[in-house]
Amino acid sequence: MTKPVTILGIESSCDDTAAAVVRGNAHDARVVSNVVFGQTEAHAAFGGVVPEIAARAHAEKIDRAVEDALNQANITLDQIDAIAVTAGPGLVGGVLAGVMCAKGLSLAKGLPLIGVNHLAGHALTPQLTDQIEFPYLMLLVSGGHCQFLLVESHDTYTRLGGTIDDAPGEAFDKTARILGLPQPGGPAVETAALHGNERAFALPRPLLHRDDCNMSFSGLKTAVLRARDDIIAEHSGLPTGIRSDLCASFQAALRDVLIAKTRKAMVAARAKAPAITALAVAGGVAANGSIRTGLEALCAEIDTKFVAPPLSLCTDNAAMIAFVGLLKFEHGQVDDMSLSARPRWPLDQTSPTLLGSGKKGAKA
Ligand code: KG4
Ligand code: ZN
(Lines give C-alpha, C1' and ligand atoms only; values in the text may rest on other atoms or scores of the structure.)
(Ligands and ions follow the chains in the order given, each with its own letter.)
Protein backbone atom coordinates (compact mmCIF):
# COMPACT_ATOMS: atom_id res chain seq x y z
CA MET A 1 0.00 0.00 0.00
CA THR A 2 1.31 3.47 -0.95
CA LYS A 3 2.54 5.68 1.89
CA PRO A 4 -0.10 8.23 3.02
CA VAL A 5 0.37 11.83 1.90
CA THR A 6 -1.29 15.13 2.86
CA ILE A 7 -2.58 17.32 0.02
CA LEU A 8 -3.92 20.88 0.11
CA GLY A 9 -6.64 21.45 -2.51
CA ILE A 10 -7.78 24.82 -3.90
CA GLU A 11 -10.93 25.39 -6.02
CA SER A 12 -12.20 28.65 -7.54
CA SER A 13 -13.53 27.81 -11.01
CA CYS A 14 -17.10 29.10 -10.61
CA ASP A 15 -18.84 30.79 -7.68
CA ASP A 16 -17.41 28.90 -4.70
CA THR A 17 -14.03 29.75 -3.13
CA ALA A 18 -12.83 26.55 -1.52
CA ALA A 19 -9.82 24.96 0.16
CA ALA A 20 -9.46 21.53 1.76
CA VAL A 21 -6.97 19.07 3.18
CA VAL A 22 -7.12 15.39 2.23
CA ARG A 23 -4.84 12.72 3.71
CA GLY A 24 -4.20 9.10 2.78
CA ASN A 25 -3.59 7.13 -0.39
CA ALA A 26 -5.64 6.18 -3.47
CA HIS A 27 -7.52 3.39 -1.66
CA ASP A 28 -7.98 5.02 1.71
CA ALA A 29 -8.18 8.80 1.75
CA ARG A 30 -9.89 10.98 4.35
CA VAL A 31 -11.19 14.55 4.10
CA VAL A 32 -9.47 16.27 7.04
CA SER A 33 -10.96 19.73 6.38
CA ASN A 34 -13.28 21.18 3.75
CA VAL A 35 -13.92 24.94 3.61
CA VAL A 36 -16.32 26.54 1.08
CA PHE A 37 -17.19 30.24 0.80
CA GLY A 38 -20.20 30.69 -1.53
CA GLN A 39 -20.97 33.85 -3.51
CA THR A 40 -24.74 33.53 -3.98
CA GLU A 41 -25.46 36.95 -2.43
CA ALA A 42 -22.85 38.77 -4.54
CA HIS A 43 -24.56 37.61 -7.75
CA ALA A 44 -28.19 37.62 -6.55
CA ALA A 45 -29.15 40.91 -8.19
CA PHE A 46 -27.89 39.80 -11.62
CA GLY A 47 -29.77 36.52 -12.15
CA GLY A 48 -26.57 34.57 -12.81
CA VAL A 49 -22.85 34.45 -12.04
CA VAL A 50 -21.04 37.66 -13.13
CA PRO A 51 -17.46 36.59 -14.04
CA GLU A 52 -15.77 39.84 -12.89
CA ILE A 53 -17.56 39.81 -9.54
CA ALA A 54 -16.71 36.13 -9.09
CA ALA A 55 -13.00 36.69 -9.89
CA ARG A 56 -12.73 39.57 -7.41
CA ALA A 57 -14.54 37.64 -4.68
CA HIS A 58 -12.20 34.66 -5.18
CA ALA A 59 -9.11 36.87 -5.00
CA GLU A 60 -10.43 38.42 -1.76
CA LYS A 61 -11.34 35.15 -0.05
CA ILE A 62 -8.88 32.55 -1.27
CA ASP A 63 -6.12 33.18 1.30
CA ARG A 64 -8.69 32.99 4.06
CA ALA A 65 -10.09 29.72 2.70
CA VAL A 66 -6.57 28.18 2.69
CA GLU A 67 -5.86 29.47 6.19
CA ASP A 68 -9.15 28.08 7.53
CA ALA A 69 -8.60 24.70 5.84
CA LEU A 70 -5.13 24.39 7.42
CA ASN A 71 -6.39 25.55 10.84
CA GLN A 72 -9.33 23.16 10.80
CA ALA A 73 -6.95 20.34 9.87
CA ASN A 74 -4.73 21.50 12.72
CA ILE A 75 -1.62 21.60 10.52
CA THR A 76 0.68 24.12 8.85
CA LEU A 77 2.00 24.27 5.29
CA ASP A 78 5.12 22.47 6.54
CA GLN A 79 3.07 19.29 6.94
CA ILE A 80 1.66 19.43 3.39
CA ASP A 81 3.21 17.16 0.72
CA ALA A 82 1.77 18.90 -2.37
CA ILE A 83 -0.66 21.61 -3.48
CA ALA A 84 -3.43 20.73 -5.94
CA VAL A 85 -5.40 23.48 -7.68
CA THR A 86 -8.23 23.60 -10.22
CA ALA A 87 -6.59 24.76 -13.47
CA GLY A 88 -9.85 24.57 -15.50
CA PRO A 89 -12.40 24.38 -16.98
CA GLY A 90 -14.30 27.36 -15.65
CA LEU A 91 -14.45 31.14 -15.52
CA VAL A 92 -10.89 32.17 -16.31
CA GLY A 93 -10.66 35.01 -13.74
CA GLY A 94 -11.61 32.67 -10.94
CA VAL A 95 -9.36 29.84 -12.10
CA LEU A 96 -6.47 32.33 -12.31
CA ALA A 97 -7.05 33.47 -8.72
CA GLY A 98 -6.66 29.86 -7.54
CA VAL A 99 -3.69 29.05 -9.76
CA MET A 100 -1.81 32.20 -8.69
CA CYS A 101 -2.45 31.46 -5.02
CA ALA A 102 -1.23 27.86 -5.43
CA LYS A 103 1.87 28.96 -7.34
CA GLY A 104 2.74 31.51 -4.64
CA LEU A 105 2.46 28.90 -1.88
CA SER A 106 4.35 26.33 -3.93
CA LEU A 107 7.23 28.73 -4.61
CA ALA A 108 7.39 30.01 -1.05
CA LYS A 109 7.44 26.54 0.50
CA GLY A 110 9.13 24.54 -2.26
CA LEU A 111 6.07 22.27 -2.52
CA PRO A 112 5.06 20.31 -5.64
CA LEU A 113 2.28 22.01 -7.65
CA ILE A 114 -0.45 19.90 -9.31
CA GLY A 115 -3.00 21.33 -11.79
CA VAL A 116 -6.33 19.49 -11.60
CA ASN A 117 -9.26 19.33 -14.01
CA HIS A 118 -12.41 20.39 -12.14
CA LEU A 119 -14.50 17.75 -13.93
CA ALA A 120 -12.03 15.05 -12.84
CA GLY A 121 -12.70 16.23 -9.29
CA HIS A 122 -16.41 15.47 -9.67
CA ALA A 123 -15.79 12.29 -11.64
CA LEU A 124 -13.41 10.75 -9.06
CA THR A 125 -15.33 11.75 -5.91
CA PRO A 126 -17.08 8.32 -5.72
CA GLN A 127 -13.62 6.78 -5.22
CA LEU A 128 -12.99 9.11 -2.31
CA THR A 129 -16.39 8.57 -0.66
CA ASP A 130 -17.28 4.98 -1.59
CA GLN A 131 -13.98 3.45 -2.80
CA ILE A 132 -15.70 2.14 -5.95
CA GLU A 133 -13.47 0.44 -8.49
CA PHE A 134 -12.87 1.49 -12.11
CA PRO A 135 -14.56 1.38 -14.57
CA TYR A 136 -17.81 3.14 -13.68
CA LEU A 137 -20.34 5.46 -15.31
CA MET A 138 -20.61 8.99 -13.96
CA LEU A 139 -23.62 11.27 -14.48
CA LEU A 140 -22.56 14.81 -13.72
CA VAL A 141 -25.58 17.10 -13.28
CA SER A 142 -25.12 20.61 -11.90
CA GLY A 143 -25.81 24.26 -12.69
CA GLY A 144 -22.90 24.34 -15.13
CA HIS A 145 -22.34 20.76 -16.23
CA CYS A 146 -24.26 17.83 -17.65
CA GLN A 147 -22.47 14.83 -19.09
CA PHE A 148 -22.13 11.06 -19.02
CA LEU A 149 -18.54 9.96 -18.47
CA LEU A 150 -17.11 6.47 -18.65
CA VAL A 151 -14.36 6.63 -16.00
CA GLU A 152 -11.68 3.96 -16.56
CA SER A 153 -8.75 5.38 -14.61
CA HIS A 154 -7.85 8.64 -12.89
CA ASP A 155 -6.93 10.04 -16.29
CA THR A 156 -8.92 7.95 -18.78
CA TYR A 157 -12.40 9.28 -19.57
CA THR A 158 -14.83 8.84 -22.43
CA ARG A 159 -17.68 11.31 -22.75
CA LEU A 160 -20.69 9.32 -23.90
CA GLY A 161 -23.02 12.31 -24.19
CA GLY A 162 -24.23 15.46 -22.52
CA THR A 163 -26.48 18.46 -22.90
CA ILE A 164 -26.32 20.38 -26.14
CA ASP A 165 -27.67 23.56 -24.48
CA ASP A 166 -28.68 24.25 -20.85
CA ALA A 167 -27.43 22.22 -17.90
CA PRO A 168 -30.25 20.72 -15.73
CA GLY A 169 -29.50 23.03 -12.77
CA GLU A 170 -29.66 25.98 -15.15
CA ALA A 171 -33.09 24.76 -16.33
CA PHE A 172 -34.26 24.52 -12.69
CA ASP A 173 -32.92 28.02 -11.97
CA LYS A 174 -34.56 29.54 -15.07
CA THR A 175 -37.86 27.78 -14.35
CA ALA A 176 -37.83 29.21 -10.81
CA ARG A 177 -37.21 32.68 -12.20
CA ILE A 178 -40.07 32.31 -14.71
CA LEU A 179 -42.42 31.20 -11.93
CA GLY A 180 -41.38 33.85 -9.39
CA LEU A 181 -39.59 31.39 -7.08
CA PRO A 182 -36.28 32.19 -5.29
CA GLN A 183 -32.73 31.19 -6.32
CA PRO A 184 -31.16 28.69 -6.32
CA GLY A 185 -34.11 27.37 -8.28
CA GLY A 186 -33.61 23.63 -7.79
CA PRO A 187 -34.66 23.36 -4.13
CA ALA A 188 -37.46 25.94 -4.64
CA VAL A 189 -38.96 24.09 -7.62
CA GLU A 190 -38.59 20.73 -5.86
CA THR A 191 -40.41 22.01 -2.76
CA ALA A 192 -43.24 23.46 -4.85
CA ALA A 193 -43.44 20.24 -6.87
CA LEU A 194 -44.14 18.23 -3.71
CA HIS A 195 -47.65 19.71 -3.71
CA GLY A 196 -48.22 19.41 -7.47
CA ASN A 197 -49.54 16.91 -9.98
CA GLU A 198 -46.79 15.93 -12.43
CA ARG A 199 -49.37 14.92 -15.08
CA ALA A 200 -51.10 18.32 -15.08
CA PHE A 201 -49.02 19.73 -17.96
CA ALA A 202 -47.76 17.74 -20.95
CA LEU A 203 -44.25 19.22 -21.30
CA PRO A 204 -41.75 18.09 -23.97
CA ARG A 205 -39.10 15.44 -23.33
CA PRO A 206 -36.55 16.58 -25.93
CA LEU A 207 -34.28 14.17 -27.84
CA LEU A 208 -35.86 11.20 -26.08
CA HIS A 209 -36.51 9.41 -29.35
CA ARG A 210 -32.86 9.70 -30.42
CA ASP A 211 -30.59 6.75 -29.80
CA ASP A 212 -27.61 8.75 -28.53
CA CYS A 213 -26.95 9.98 -24.97
CA ASN A 214 -27.25 13.69 -25.72
CA MET A 215 -29.87 15.87 -24.02
CA SER A 216 -31.47 19.28 -24.47
CA PHE A 217 -33.20 21.28 -21.75
CA SER A 218 -33.67 24.76 -23.18
CA GLY A 219 -36.94 23.89 -24.99
CA LEU A 220 -38.35 22.60 -21.72
CA LYS A 221 -37.76 25.96 -20.07
CA THR A 222 -39.45 27.72 -23.02
CA ALA A 223 -42.44 25.38 -22.66
CA VAL A 224 -42.69 26.38 -18.98
CA LEU A 225 -42.68 30.04 -20.03
CA ARG A 226 -45.52 29.45 -22.52
CA ALA A 227 -47.55 27.47 -19.99
CA ARG A 228 -47.09 30.24 -17.42
CA ASP A 229 -48.32 32.87 -19.89
CA ASP A 230 -51.39 30.76 -20.73
CA ILE A 231 -52.19 30.33 -17.03
CA ILE A 232 -51.84 34.06 -16.38
CA ALA A 233 -54.09 34.87 -19.36
CA GLU A 234 -56.75 32.46 -18.10
CA HIS A 235 -56.59 33.17 -14.36
CA SER A 236 -55.30 36.78 -14.34
CA GLY A 237 -52.41 35.54 -12.19
CA LEU A 238 -50.47 32.45 -11.22
CA PRO A 239 -52.45 30.50 -8.56
CA THR A 240 -50.12 28.67 -6.15
CA GLY A 241 -51.73 25.27 -6.78
CA ILE A 242 -51.34 25.53 -10.55
CA ARG A 243 -47.75 26.77 -10.13
CA SER A 244 -47.03 23.65 -8.07
CA ASP A 245 -48.53 21.50 -10.86
CA LEU A 246 -46.25 23.22 -13.38
CA CYS A 247 -43.18 22.70 -11.15
CA ALA A 248 -44.05 19.00 -10.74
CA SER A 249 -44.59 18.59 -14.49
CA PHE A 250 -41.28 20.32 -15.28
CA GLN A 251 -39.37 18.21 -12.76
CA ALA A 252 -40.96 15.01 -14.11
CA ALA A 253 -40.03 15.89 -17.72
CA LEU A 254 -36.40 16.62 -16.78
CA ARG A 255 -36.21 13.47 -14.62
CA ASP A 256 -37.67 11.28 -17.38
CA VAL A 257 -35.08 12.56 -19.88
CA LEU A 258 -32.20 12.02 -17.43
CA ILE A 259 -33.35 8.49 -16.60
CA ALA A 260 -34.02 7.43 -20.19
CA LYS A 261 -30.64 8.79 -21.29
CA THR A 262 -28.86 7.18 -18.31
CA ARG A 263 -30.30 3.84 -19.43
CA LYS A 264 -28.83 4.42 -22.91
CA ALA A 265 -25.52 5.65 -21.48
CA MET A 266 -25.20 2.48 -19.37
CA VAL A 267 -25.66 0.32 -22.48
CA ALA A 268 -23.04 2.40 -24.32
CA ALA A 269 -20.67 2.24 -21.32
CA ARG A 270 -21.04 -1.54 -20.97
CA ALA A 271 -20.35 -1.96 -24.69
CA LYS A 272 -16.99 -0.23 -24.17
CA ALA A 273 -16.20 -1.55 -20.68
CA PRO A 274 -18.26 -4.66 -19.73
CA ALA A 275 -16.96 -4.67 -16.14
CA ILE A 276 -18.78 -1.43 -15.14
CA THR A 277 -19.07 -1.47 -11.33
CA ALA A 278 -21.60 1.32 -10.69
CA LEU A 279 -23.55 4.36 -11.74
CA ALA A 280 -22.36 7.39 -9.77
CA VAL A 281 -23.91 10.87 -9.73
CA ALA A 282 -22.42 14.23 -8.78
CA GLY A 283 -23.47 17.88 -8.95
CA GLY A 284 -26.10 19.95 -7.16
CA VAL A 285 -29.01 18.46 -9.13
CA ALA A 286 -28.16 15.05 -7.63
CA ALA A 287 -29.78 16.46 -4.46
CA ASN A 288 -33.20 16.26 -6.11
CA GLY A 289 -35.27 13.54 -4.44
CA SER A 290 -37.35 12.69 -7.49
CA ILE A 291 -34.30 12.38 -9.76
CA ARG A 292 -32.35 10.42 -7.16
CA THR A 293 -35.24 7.99 -6.57
CA GLY A 294 -35.68 7.56 -10.33
CA LEU A 295 -31.98 6.77 -10.82
CA GLU A 296 -32.01 4.39 -7.88
CA ALA A 297 -35.00 2.55 -9.35
CA LEU A 298 -33.27 2.33 -12.73
CA CYS A 299 -30.14 0.88 -11.11
CA ALA A 300 -32.21 -1.69 -9.19
CA GLU A 301 -33.88 -2.68 -12.46
CA ILE A 302 -30.61 -3.09 -14.39
CA ASP A 303 -28.85 -4.64 -11.39
CA THR A 304 -26.20 -1.95 -11.01
CA LYS A 305 -24.80 -0.36 -7.86
CA PHE A 306 -25.89 3.26 -7.37
CA VAL A 307 -23.50 5.72 -5.69
CA ALA A 308 -24.43 9.28 -4.69
CA PRO A 309 -21.75 11.00 -2.58
CA PRO A 310 -22.93 13.23 0.30
CA LEU A 311 -24.12 16.61 -0.96
CA SER A 312 -21.15 18.56 0.45
CA LEU A 313 -18.89 16.49 -1.84
CA CYS A 314 -21.37 16.43 -4.77
CA THR A 315 -21.38 20.22 -5.17
CA ASP A 316 -18.25 22.29 -5.87
CA ASN A 317 -15.57 21.79 -3.21
CA ALA A 318 -11.79 21.56 -2.86
CA ALA A 319 -11.64 18.12 -1.22
CA MET A 320 -12.34 16.56 -4.62
CA ILE A 321 -9.49 18.63 -6.10
CA ALA A 322 -7.11 17.57 -3.31
CA PHE A 323 -8.08 13.92 -3.90
CA VAL A 324 -7.33 14.11 -7.65
CA GLY A 325 -4.09 15.85 -6.65
CA LEU A 326 -3.30 12.87 -4.40
CA LEU A 327 -3.89 10.40 -7.26
CA LYS A 328 -1.75 12.45 -9.67
CA PHE A 329 0.97 12.83 -7.02
CA GLU A 330 1.07 9.03 -6.56
CA HIS A 331 1.56 8.74 -10.33
CA GLY A 332 4.32 11.37 -10.38
CA GLN A 333 2.15 13.76 -12.42
CA VAL A 334 3.39 17.09 -11.10
CA ASP A 335 3.32 20.51 -12.80
CA ASP A 336 5.71 23.45 -12.69
CA MET A 337 5.39 27.25 -12.79
CA SER A 338 4.27 27.10 -16.43
CA LEU A 339 0.87 25.74 -15.27
CA SER A 340 -1.82 27.93 -16.86
CA ALA A 341 -5.54 28.51 -16.33
CA ARG A 342 -7.66 26.76 -18.97
CA PRO A 343 -11.23 28.07 -19.42
CA ARG A 344 -12.01 25.05 -21.60
CA TRP A 345 -10.50 21.67 -20.74
CA PRO A 346 -12.56 18.62 -21.78
CA LEU A 347 -11.74 15.45 -19.85
CA ASP A 348 -12.20 13.45 -23.00
CA GLN A 349 -9.87 15.28 -25.39
CA THR A 350 -11.08 13.25 -28.37
CA SER A 351 -14.80 14.08 -28.14
CA PRO A 352 -16.15 17.00 -30.18
CA THR A 353 -17.33 20.16 -28.40
CA LEU A 354 -21.00 19.87 -27.39
CA LEU A 355 -21.61 23.31 -25.95
CA GLY A 356 -20.84 26.95 -25.87
CA SER A 357 -20.47 28.82 -22.61
CA GLY A 358 -23.26 28.81 -20.06
CA LYS A 359 -24.04 31.24 -17.28
CA LYS A 360 -21.45 29.47 -15.16
CA GLY A 361 -18.80 29.28 -17.88
CA ALA A 362 -17.66 26.50 -20.17
CA LYS A 363 -19.71 23.37 -19.65
CA ALA A 364 -17.72 20.67 -21.41
O1 KG4 B 1 -22.98 21.59 -8.28
P2 KG4 B 1 -23.56 22.92 -7.91
O3 KG4 B 1 -23.58 23.31 -6.47
O4 KG4 B 1 -22.80 24.10 -8.62
C5 KG4 B 1 -22.47 24.15 -9.96
O6 KG4 B 1 -23.39 24.30 -10.78
O7 KG4 B 1 -21.28 24.06 -10.25
O8 KG4 B 1 -25.05 22.92 -8.50
C9 KG4 B 1 -25.90 24.00 -8.33
C10 KG4 B 1 -27.15 23.71 -9.12
C11 KG4 B 1 -28.11 24.90 -9.14
O12 KG4 B 1 -28.51 25.13 -10.47
C13 KG4 B 1 -29.26 24.43 -8.26
O14 KG4 B 1 -30.51 24.97 -8.64
C15 KG4 B 1 -29.23 22.93 -8.47
O16 KG4 B 1 -27.85 22.61 -8.52
N17 KG4 B 1 -29.87 22.23 -7.35
C18 KG4 B 1 -30.97 21.46 -7.50
C19 KG4 B 1 -31.33 21.04 -6.19
N20 KG4 B 1 -30.44 21.56 -5.30
C21 KG4 B 1 -29.54 22.28 -6.04
N22 KG4 B 1 -31.67 21.11 -8.60
C23 KG4 B 1 -32.75 20.32 -8.41
N24 KG4 B 1 -33.20 19.90 -7.20
C25 KG4 B 1 -32.52 20.23 -6.07
N26 KG4 B 1 -32.95 19.81 -4.87
ZN1 ZN C 1 -18.59 21.68 -10.53
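In this predicted model, helix H2, spanning residues 51-73, lies across strand S1 (5-11), S2 and S3. Relative to S2, the helix runs at about 30 degrees.

The strands beneath this description belong to an open sheet of five, arranged in the order S3-S2-S1-S4-S5 with mixed pairing. Its edges are formed by strand S3 (28-38) and strand S5 (113-117), each of which pairs on one side only. On average, and with direction ignored, neighbouring strands of the sheet are turned by 25 degrees against each other. Within the sheet, strand S2 (residues 16-25) and S3 run antiparallel and are joined by 10 bridges. One residue pair may serve as a landmark here: Arg-23 has Arg-30, in S3, as its bridge partner.

Attention may now turn to the nonpolar interior. The largest nonpolar core comprises 50 residues, and Phe-217, Phe-250 and Leu-254 have the most contacts inside it. Several elements each supply at least two residues of this core, among them strand S6 (136-141), strand S7 (146-153), helix H5 (168-178), helix H6 (185-193) and helix H7 (218-235). Helix H8 (240-272), strand S9 (278-282) and helix H9 (289-301) likewise each supply at least two. The greatest contribution comes from H8, which gives 12 residues. A second core, separate from this one, has 38 residues and includes Ala-120, Ala-278, Ala-318 and Leu-327.

The surroundings of Phe-250 can be followed residue by residue. When residues up to four places away in sequence are not counted, Phe-250 touches Ala-171, Phe-172, Thr-175, Val-189, Leu-203, Leu-220 and Val-224.

The final stage of the tour is the metal site. The zinc ion (ligand 2) is coordinated by NE2 of His-118, NE2 of His-122 and OD of Asp-316, at 2.1 to 2.2 Å. Along the chain, the donors of this zinc ion follow the spacing H-x3-H-x193-D. The site thereby links distant parts of the chain: His-118 lies in helix H4 (residues 118-130), whereas Asp-316 lies in the loop between helix H10 (311-314) and helix H11 (319-330), 198 residues apart from His-118.

Are these two donors buried or exposed? His-118 has a relative accessible area of 1% and is therefore buried. Asp-316 also counts as buried, because its relative accessibility is 16% and the limit for that class is under 20%.

How values were computed
Residues numbered from 1 in each chain as written. Chains lettered and ligands numbered in written order. Predicted model: local features only at pLDDT ≥ 70, side-chain atom pairs only at ≥ 80, totals over all residues. Heavy atoms only, no water. Donors = N, O, S within 2.8 Å, 3.2 Å for Na, K, Ca; no water. Helix = DSSP H or I, 4+ residues; strand = E, 2+ residues; numbered from the N terminus. Buried < 20%, exposed > 50% of the residue type's maximum accessible area, 1.4 Å probe, protein only. Core = buried A, V, L, I, M, F, W, Y, C linked by side-chain atoms within 4.5 Å. Contact = heavy atoms within 4.5 Å. Pairing = 2+ DSSP bridges. Axes fitted to C-alpha atoms, helices over the stretch in contact; angles between N-to-C directions.
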